[in-house]
There are 4 protein chains.
Amino acid sequence: MNLVENDLLVKSKIKSDAYELRNKLINRFIEVRKLSLKLVSSLEVEDFVIQSMQDVSPTKWHLAHTTWFFEAFILHKAVPNYESIHPLYSYLFNSYYVQMGERWTRNQRGWLSRPTVKEIYQYRNHVDNSMIEFLINCSEDELKKYVSVVEIGLNHEQQHQELILTDIKHVLSINPLHPVYYKKIEEYKTGINQINWVEFAGGITEIGNEGKEFCYDNETPKHKTYIQPFAIADRLITNGEYLEFIESGGYEETTLWLSDGWALVEAEKWKALLYWEKKDGEWFYFTLNGFRRINPDEPVCHVSYYEAEAFAEWKGARLPTEAEWELAADNLKYEGNFVDDENFHPVPLSSSDNKLKQMYGDVWEWTGSAYLPYPGFKPLPGALGEYNGKFMSGQMVLKGGSCATSKSHIRKTYRNFFPPQSRWQFMGIRLAKNI
Amino acid sequence: MNLVENDLLVKSKIKSDAYELRNKLINRFIEVRKLSLKLVSSLEVEDFVIQSMQDVSPTKWHLAHTTWFFEAFILHKAVPNYESIHPLYSYLFNSYYVQMGERWTRNQRGWLSRPTVKEIYQYRNHVDNSMIEFLINCSEDELKKYVSVVEIGLNHEQQHQELILTDIKHVLSINPLHPVYYKKIEEYKTGINQINWVEFAGGITEIGNEGKEFCYDNETPKHKTYIQPFAIADRLITNGEYLEFIESGGYEETTLWLSDGWALVEAEKWKALLYWEKKDGEWFYFTLNGFRRINPDEPVCHVSYYEAEAFAEWKGARLPTEAEWELAADNLKYEGNFVDDENFHPVPLSSSDNKLKQMYGDVWEWTGSAYLPYPGFKPLPGALGEYNGKFMSGQMVLKGGSCATSKSHIRKTYRNFFPPQSRWQFMGIRLAKNI
Amino acid sequence: MNLVENDLLVKSKIKSDAYELRNKLINRFIEVRKLSLKLVSSLEVEDFVIQSMQDVSPTKWHLAHTTWFFEAFILHKAVPNYESIHPLYSYLFNSYYVQMGERWTRNQRGWLSRPTVKEIYQYRNHVDNSMIEFLINCSEDELKKYVSVVEIGLNHEQQHQELILTDIKHVLSINPLHPVYYKKIEEYKTGINQINWVEFAGGITEIGNEGKEFCYDNETPKHKTYIQPFAIADRLITNGEYLEFIESGGYEETTLWLSDGWALVEAEKWKALLYWEKKDGEWFYFTLNGFRRINPDEPVCHVSYYEAEAFAEWKGARLPTEAEWELAADNLKYEGNFVDDENFHPVPLSSSDNKLKQMYGDVWEWTGSAYLPYPGFKPLPGALGEYNGKFMSGQMVLKGGSCATSKSHIRKTYRNFFPPQSRWQFMGIRLAKNI
Amino acid sequence: MNLVENDLLVKSKIKSDAYELRNKLINRFIEVRKLSLKLVSSLEVEDFVIQSMQDVSPTKWHLAHTTWFFEAFILHKAVPNYESIHPLYSYLFNSYYVQMGERWTRNQRGWLSRPTVKEIYQYRNHVDNSMIEFLINCSEDELKKYVSVVEIGLNHEQQHQELILTDIKHVLSINPLHPVYYKKIEEYKTGINQINWVEFAGGITEIGNEGKEFCYDNETPKHKTYIQPFAIADRLITNGEYLEFIESGGYEETTLWLSDGWALVEAEKWKALLYWEKKDGEWFYFTLNGFRRINPDEPVCHVSYYEAEAFAEWKGARLPTEAEWELAADNLKYEGNFVDDENFHPVPLSSSDNKLKQMYGDVWEWTGSAYLPYPGFKPLPGALGEYNGKFMSGQMVLKGGSCATSKSHIRKTYRNFFPPQSRWQFMGIRLAKNI
């Protein structure tokens, strides 16, 4: 059964008890699973294999790993006599789930020519079919038991869809032939307004998620926190503004940088953002839409925390805290430039009724908050508890999603987190300041 | 003029205007500077030279660097025609003060045989004499201008006195001959009471320092924060309790550890604390008082954040936040086992009127709070602003001081900070939990 | 024009002057170029991309690099208006020919997904057609000028054909799925005779190549050398004999090893040969014919110099010098197990009229001679002089070719060379001793 | 008993049987052991401790290790109830003698502050006294049994005396204070004659040592070899000549260098020799006589094999082989600038009756021969066999000794060996060429 062609056929077979839940879940399952294949449809077979740095995973690994998730956490548990297509796939495509057994070393993911891309598509098909059959036919009790695991699996796949884009961008970027992932012609805008500072009085406020709808455990519990009065910028920082920072010597001025950030700038000889390159006096960048002249009006992207923090310092401002960001995001209309829009790149600010613009989509926004469990946090039990509850030290929180994020994946309380040196994700800057 | 022998002589020469301030400052200057030499008086010349790992600096470097501070920030600025004893010392003994010029690479501090220890003593003498002469004779205006810099310099030296002890402990510890820094005979105690959990209601509270008395800039400003209800242990975790963690397999149990912590445990093959060693079925440790059988009743020491966090997890508890710790420390009698007590090692709990015991001294207490600037923080201007305002990401806050800290150096609002993997400092564990 | 299908067509177009030379050269050109494609015909596209360690190059790189050679050294020089298929290919597929311009970093060859395998086939076709056209039509003068360059290019490609096999073997070997390159069923032989020691009186002898027929410059000049009396084994060491070395503790016995060899054994935890693996008490190895139980009668293969030397020491023997090997190889019938035989693996000794057996093919034989220029050596001028004349220190000479070598590529005076730790080539052991 | 003051006393106690042998051996023992202390007499205690790179050992380690040799190989075996001064010294001061037990890791020799320098002097005294007592009183049989081991021990100490000088030179060189080891005022010479090329007809010749007098096992056996006709330079290459190589772009010209040499030049950014530094347009070097302007007439020193080879290539010449050097050294008067002359630095050529000048002393001369065992070589049995018989691959032979070598230590057949990148020894260049 091929996912793309047989939606109707599926619908006709769904068991009648809990029909609506089954129907909705199967639809969402098909939709999410299809998107993964759509996102890679313009790639050559060779592109699926490359691991261009340790943070990057090969595209085919993403396709297999997200598939393994449904096998490991649902099919092997719920379907008697379920057989995997190959006994070693579980070993090859487990990632960091220590509790799920031994794993193939992360930094050797780019050494595996087999299974081939074709075989991984067969693997996906096998698991898709088994999953849909399961969702069509299982008892209502089982359905209720596994509905949240399916939801986690689909959100997990959405996260990897974002990684597929960020990783393949890196893979293509290091190739001197400058391959184009997706061609999109685009007019340059002619200007962006000054930042407006939107003020908030602060005080005791509640942040985090009650967990009534699906969310990751790291967003819980909803809890009180005290916020000082602050102002936050009504839009993202642009390439043009970041260029001023570069041209005014930002990468040479020690005092702007965090101590460990500066050590990195020196060690890695950072002179500009990842993917930026100066040729004959003009600035270019590598994008999924090709190698192009930098558009000054787009939100700046691929910024590390260190760079975001130094830029803010240079501007006499700072990054918002996670709590400030959540407070500021209250009562906004949910809109933005998501993966659904197929830009695969941030776009210049367009008009909006929201007081704060570009809060969702375009680029993940660095906050000045360290990624730590919320007061009263309890992880999920078992291996799924490793999933997002696997806290680590030294990472910073990002909010709001990016142009590589699915619109159905993100929400106000969503907590993304990366080490301060990371920049290959679609990450950008919104400023805040004390008032 | 030798610091030890000429206190009276100094006193007789002090200028009459602002006599009390001068007198007090000179006395404190002499007292702090003397302690550095006292702390190294039992060492051999060869001990002063070694850098046994990158974190460690040679003892003679500490002695010179603390001296350089007074030269760079006071004498060269305030004393016309002041001449340093050698033009290269400033290059050799600057540390991370980027604004003060080029520096000798940190990880090559152990490659310098010259200047000799004797020459560094001469350097100290030269600077001490110049400083005292300056404090005796300068105008009242200048005195007022530099009094806070002197205070920073002395606090800076007190920090390095602590580092002298932690670093020389490491240097001696890796020597198979087990040299003894200081011989202290000690009776083993026979038992420690169960932990009592002291409860706090939380709510809005104020933490941080107003800055009326001397404090580091990173302690400011005093600001409001919201604290959930919590309970905190009335004493430190002991060696005996930590031993149970080890013996019950704590170092093999992935799920207890932070993700990056576990990666380190595996990479470094950690099986116990730094300085701990099992010989013929019994546990020993290297201490400044010699290589000894572990005393189960002493506060556990040389614990990394990762180990503290995993231990807390194992106990079903957690580490206190910085704000919780400060709230809990309110209204306690200021007492503890400091460097002034010359134990150079944590000691078992003795009776105290305080509800919370061992809050100061013995061991620095890890908190679960990342080291970030307080809301509204403003660093000192210029190079001194690099001093503690030099924030870095990925470090955690520690509170309360240790057996290597001077009693006159520490206070409730003091913020120490180290990376989560560090363990060569005198660091330990106090637990907290939600209620 | 496709190389495989159009031999006859080519023949009909050859210019009449120097017809025989053209004909012979074109035939050889077609034959060698075809073999490269034949050797990779069983691979999946994904296999062409992987660089599984720094020594290994991706298969597609080999196919492109050997093609680049003809472009750089012939077409761009001899054919006016010759156009390459892409301006960057020269940058991407140059290897270490420093004189030919900037190069893509060697250890990042596995990061390039583009050009695709298909595009590289097109590149080969383009160059093949241009080369054949050139050889058909060029003037006789030009033909004579370039004939030796063509010959070098074809020998260069033959070397890379050997590397394609050794590299793809490594790529497939690290894959837990154990892909099979080429399935060949094989009977196990039942025994091999004891080694016979063939004695040589030595004295003054001549080694090296006069250079009348094609040879590499490093084989010249032919020169006198003095050889002490010696004996040399009449056959190669077998897997069975090497297994005894392992089982008797050879990898634990320091005194058998060269000093730097032992350091490597300890650092890399070597316990057996590359590709060998003990499972449930039995020894297996990965071969191009699959993952199989070790055949004790085959010549041992994938032996580093360190292991060969330690084995010889353990046997109370030594490795032959290069001069001894050449003297011993005089007057033998030229026979062996070459790539032409399509075993892609060493085979057990079969009967032969030669007094010394297995001297050619099967495995390269380590000598105890360092790779240094012969007395009176003069490298070729220009970039081609870099080719084999590019001496390096610390490498050892190997003789005789392997099961991955073309029969038309090797000869008695051929000097192969590798660092002592290398073992991914088809390398084995023949013993010698003093008499 | 102090070695310096009690020679007469010793003499009076020597047993009468084999008096002459005992007397001679004791005298030589005292002489060599005294020299080690004399060589370090100008150092500060701190200098003894430093390991400034992995190749370097701390001076105090050399003093202790050479002492340990006599303990391990003589006193512990021959003297009943001999007691070492400390049970762990054997562990700390063994070097690579794997057969003598576990060792303290080489690259951590600079981490040991204890035993102190004073304690190591006491250790030397203890062993000296025990050795002398043993040599005075042992039976004639024992004396004969151990005489060659004493001789190896003394030669071993002479090698380490050379290392003490080369290592302390490195330690002092990296110190920005430029400490002076030994002040020697020196006039600059005004010129050196052109090189004369001395020709040799070659043919069969014998090299190596018969072993009648003391020699290392790696010099044996004496054996025939065939040498082509060659010419060899009558003097060493000077600083002035090497400077021309630098100034003409030698360090930028790829084609002059061995392939691995060039890789190193690029990786390490070599622009001149070790210890050379250009200041304000003029060249200086660090020497044991201070930091000085380069004397163009001195033999060039601290040259790696790679640099020597590239220089020779640039000159259109080559390095001599080991066999050529030995043949050329026949029948020369034994003279040179040795450690006995207390220059601790090469000196400009002075007049000599020898046809070939500066063959001994000044600088070790790189040959183009790899360090491999001679045909028929048999190592000494047991741990002493590890001593020089411990062959390693990838090292090159050097001949003739240096200004840091004892005159009584070196001879024509002496084989020194170092990796091609080493340059901290006193190593230089003599050219050869084909005729």
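Colleague: What makes a charge count as positive or negative here, and how far apart are the mean positions of the two kinds in chain A?

Modeller: Lys and Arg count as positive and Asp and Glu as negative, while His and the chain ends are not counted. Each charge is placed at NZ of Lys, CZ of Arg, CG of Asp or CD of Glu. On that basis, chain A has 48 positive and 59 negative charges, with mean positions 3 Å apart. This is a predicted model, in which local features need pLDDT of at least 70. Residues are numbered from 1 along each chain as its sequence is written.

Colleague: Why does the radius of gyration of chain A agree with a compact globule?

Modeller: The radius is taken over C-alpha atoms, and the globule rule is 2.2 Å times the number of residues to the power 0.38. For 435 residues the rule gives a value near 22 Å, and chain A has 22 Å, so the two agree.

Colleague: What share of the residues of chain A is called buried?

Modeller: Buried means under 20% relative accessible area, with a 1.4 Å probe and protein chains only. By this criterion, 61% of the 435 residues of chain A are buried.

Colleague: Which relation links chain C to chain A?

Modeller: Copies are superposed by least squares on the C-alpha atoms of residues with pLDDT of at least 70 in both. A rotation of 180 degrees, with 0.0 Å of shift along its axis, places chain C on chain A with an RMSD of 0.0 Å. This is therefore the relation of a two-fold axis. In chain C, the C-alpha nearest that axis belongs to Glu46(C), at 3.0 Å.

Methods: Chains lettered and ligands numbered in written order. Predicted model: local features only at pLDDT ≥ 70, side-chain atom pairs only at ≥ 80, totals over all residues. Heavy atoms only, no water. Buried < 20%, exposed > 50% of the residue type's maximum accessible area, 1.4 Å probe, protein only.
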